[in-house]
Structures are given as structure tokens and as C-alpha cells.
Amino acid sequence: EKIELLYKFDKNNLSETLDLESAISHAKESHPALKEQEYMSKSFEKAIGIARADRMPQVFLTSNYQYSGWSDQFKPDKDEWSDRWSASLNLSFPIFEGRAVSGKVKQAKASYQQSVLLLKQVEENIVLSVRAAYGTWQEAVASLKSQERTIEQAEEGLRIANLRYQNGIGTQLEVLSAQTANTQAKVNYTSAVFDYELAVAAFYRAAGYEPNTSGVNNDE
């Protein structure tokens with residue numbers, strides 16, 4: 001059965017380099033994990049003000065309106081209906097709270113400081129991941145270029161083996177060995193292409209970008 005390969009790889013993209021500094025800058029500004037921790041830190045900061053609010057006086061305004069009717073009939077007459085309303089205003093002030101508010105404020109401040117330190121740790125881990133992914137990409141590029149040279153050497157070895165066999169100098173075993181070496185070199189190259197594309201995708205993910213492998217034909 002014929003299999004159509006939809007993937008296309010352009011080795012000319014190897015001349016394009018990933019921008020490490022731009023990726024780190026983008027990660028610090030837009031990485032989802034960092035954004036999540038920033039919102040968490042802001043919520044802990046707001047909690048300090050909420051804890052302090054327990055020292056403030058509280059005002060409660062309530063109102064009630066009632067419209068009712070009574071009758072020994074199923075439906076009361078018009079003059080059997082009445083309405084009334086009431087309102088109340090209450091003011092409370094914490095005269096003695098046993099330093100409970102102070103304890104809540106200190107606890108909120110401690111939680112906020114912890115969230116700030118965790119935010120810094122998350123940022124450092126993200127930057128470290130971006131740098132590690134960049135190093136993996138560099139290794140993948142070097143491996144891919146090395147496999148390209150290996151294919152060139154294997155093809156040249158196959159050409160020489162065929163030429164020797166045609167001239168009666170070499171043997172068929174030499175040709176078969178050269179063919180095997182050439183096939184293995186192409187297999188290794190395909191594996192190196194896979195590692196390269198995986199390294200590119202891992203770099204974009206570490207930096208918080210959408211994965212975007214250069215060799216994929218999006219039209220297909």
C-alpha cells in the first residue's frame with residue numbers, strides 16, 4: 001500500500017538561529033506558569049488589606065417592606081390589605097479583639113512574602129528551562145549537520161563500491177555493505193531530524209510560545 005508522507009523538512013532552516021534572549025524576555029512577561037503565580041501573589045497582597053479591615057468600624061443598613069392581607073375569604077377585599085416598612089442602621093466598632101486582627105495581618109503578610117519568593121523561584125526555573133532547551137537545540141543542530149556529512153560520505157562510499165564492482169575490482173559484498181551503510185546513515189539522519197524538531201518545539205514551550213516546528217507544512 002502506498003503511503004504518502006505529509007511531513008517536509010527544509011534543511012535550509014538550520015541557518016536560522018533561535019533567539020535565546022528574546023525567548024527569556026518573552027517567558028518573563030507572558031509565560032502561563034509565571035502569570036498564574038503573579039495573580040496568586042496579588043491575591044495574597046489583597047488579603048493583607050482584607051485582614052486589616054477587621055479593625056475598621058462596620059455599618060449595616062437593612063430595610064424591610066411588607067404588603068399583606070387577611071380575610072376569611074379566598075381573596076381579601078381591597079380594604080383588607082395593608083403595607084408597612086421598617087429600616088435599621090447599625091454601627092459596630094471592635095473595641096477589644098484580643099490581638100486577633102494583628103495575628104491575621106501578620107499571617108497575611110507572611111503568606112504574601114512566601115508568594116513573592118515562590119514567584120521569583122518560578123521565574124528562575126522558567127529561565128533555566130529555556131536555557132536548557134536552547135542547549136538541547138544546539139546539540140540537535142550539531143547532530144543533524146553531522147548526520148548530513150555522514151550521508152555524503154556513505155553515498156560517496158556506495159558510488160566507489162559500485163564503480164569498483166563494475167570494473168571487476170570490487171565484490172558484490174562490498175556493494176551490499178556500502179548500501180547498508182548508506183541506508184543506516186539515512187535512518188540516523190531521519191532520527192536526527194526528529195530530535196531537532198522536538199528540540200525546537202521544547203524551546204518554544206519552555207519560553208511560553210505556541211509550539212511551531214519549522215519543518216511542518218501547515219497547508220497540508
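# Helices, Salt Bridges and Surface Patches

Good morning. I begin with one pair of residues: R159 and E156 both sit in helix α3, three residues apart, which is about one turn of that helix. The side chains of R159 and E156 meet in a salt bridge, with N to O at 2.7 Å. Please keep in mind throughout that this is a predicted model.

Let me first set out the overall plan. The protein chain holds four helices and two strands. In sequence order, the pattern of the protein chain is α-α-β-β-α-α. How much of the chain counts as buried? Of its 220 residues, the figure is 25%.

I return now to the opening pair. R159 counts as partly exposed, because its relative accessibility is 45%, and a residue must be over 50% to be called exposed. E156, at 35% relative accessibility, is likewise classed as partly exposed. As for the spacing of this pair, an α-helix has 3.6 residues a turn, so residues three or four places apart point the same way.

How many salt bridges does the model contain? The count comes to three. The second that I shall describe joins K35 and E38, whose side chains meet at 3.8 Å, N to O. These two residues are three apart in helix α2, which covers residues 32-52, so about one helical turn separates K35 from E38. K35 is partly exposed, its relative accessible area being 34%. E38 is also partly exposed, with a relative accessible area of 24%; the value lies above the limit for a buried residue, since buried means under 20%.

The remaining salt bridge connects two helices. E174 pairs with R164, and the closest N and O atoms are 3.3 Å apart. This pair links distant parts of the chain, for E174 belongs to helix α4 (residues 172-207) and R164 to helix α3, ten residues apart. E174 is partly exposed at a relative accessible area of 32%, and R164 is partly exposed at 32% as well.

Helix α3 has now appeared twice, and I shall describe its dimensions. It is made of 67 residues and spans 97 Å from its first C-alpha to its last. That span is close to the 99 Å expected at 1.5 Å a residue. What is found just after α3? There, G168 takes a positive phi of about 80°.

Some residues far apart in the sequence can be compared by the distance between their C-alpha atoms. S191 is a residue of helix α4, and its C-alpha is 8.8 Å from that of L144, although the two are 47 residues apart along the chain. S191 is partly exposed, at 38% relative accessibility. D195 also belongs to helix α4. The C-alpha atoms of D195 and T136 are separated by 9.2 Å, with their positions 59 residues apart along the chain. D195 is partly exposed too, with a relative accessible area of 40%.

A further pair involves helix α3, where Q114 is placed. Q114 and S41 are 73 residues apart along the chain, and their C-alpha atoms are separated by 8.6 Å. Is Q114 buried or exposed? Q114 is exposed, because its relative accessible area is 58% and the limit for that class is over 50%.

I turn next to the surface, where two patches deserve attention. The first is one of positive charge, in which R52, R55, R99, K106 and K109 gather. Among these residues, R99 lies in the loop between β2 (81-92) and α3 (100-166). R99 counts as exposed, at 61% relative accessibility.

The second patch is nonpolar. Which residues make it? V59, L61, L89 and L91 do so, over an area of about 490 Å². The elements giving two or more residues to this nonpolar patch are β1 (58-69) and β2. L61 has its place in strand β1. With a relative accessible area of 68%, L61 is exposed.

To close, I restate three points. The chain has four helices and two strands. Its salt bridges number three, and the bridge between E174 and R164 links helix α4 with helix α3. On the surface there are a patch of positive charge and a nonpolar patch. Thank you for your attention.

Conventions: Residues are numbered from 1 along each chain as its sequence is written. This is a predicted model: local features need pLDDT of at least 70, side-chain atom pairs count only at pLDDT 80 or more; totals for chains, interfaces and linings use all residues. Side-chain values use heavy atoms; hydrogens and water are left out. Patches are made of residues with over 30% relative accessible area and no salt bridge: like charges are joined within 9 Å, nonpolar side chains (Val, Leu, Ile, Met, Phe, Trp, Tyr) within 5 Å. Accessible areas come from the Shrake-Rupley method with a 1.4 Å probe; for residues, only the protein chains shown count as cover. A salt bridge is a side-chain nitrogen of Lys or Arg within 4 Å of a carboxyl oxygen of Asp or Glu. Lys and Arg count as positive and Asp and Glu as negative; His and the chain ends are not counted. The place of a charge is taken as NZ of Lys, CZ of Arg, CG of Asp or CD of Glu. Buried means under 20% relative accessible area, exposed over 50%, partly exposed in between (1.4 Å probe, protein chains only). The expected span of a helix is 1.5 Å times one less than its number of residues.
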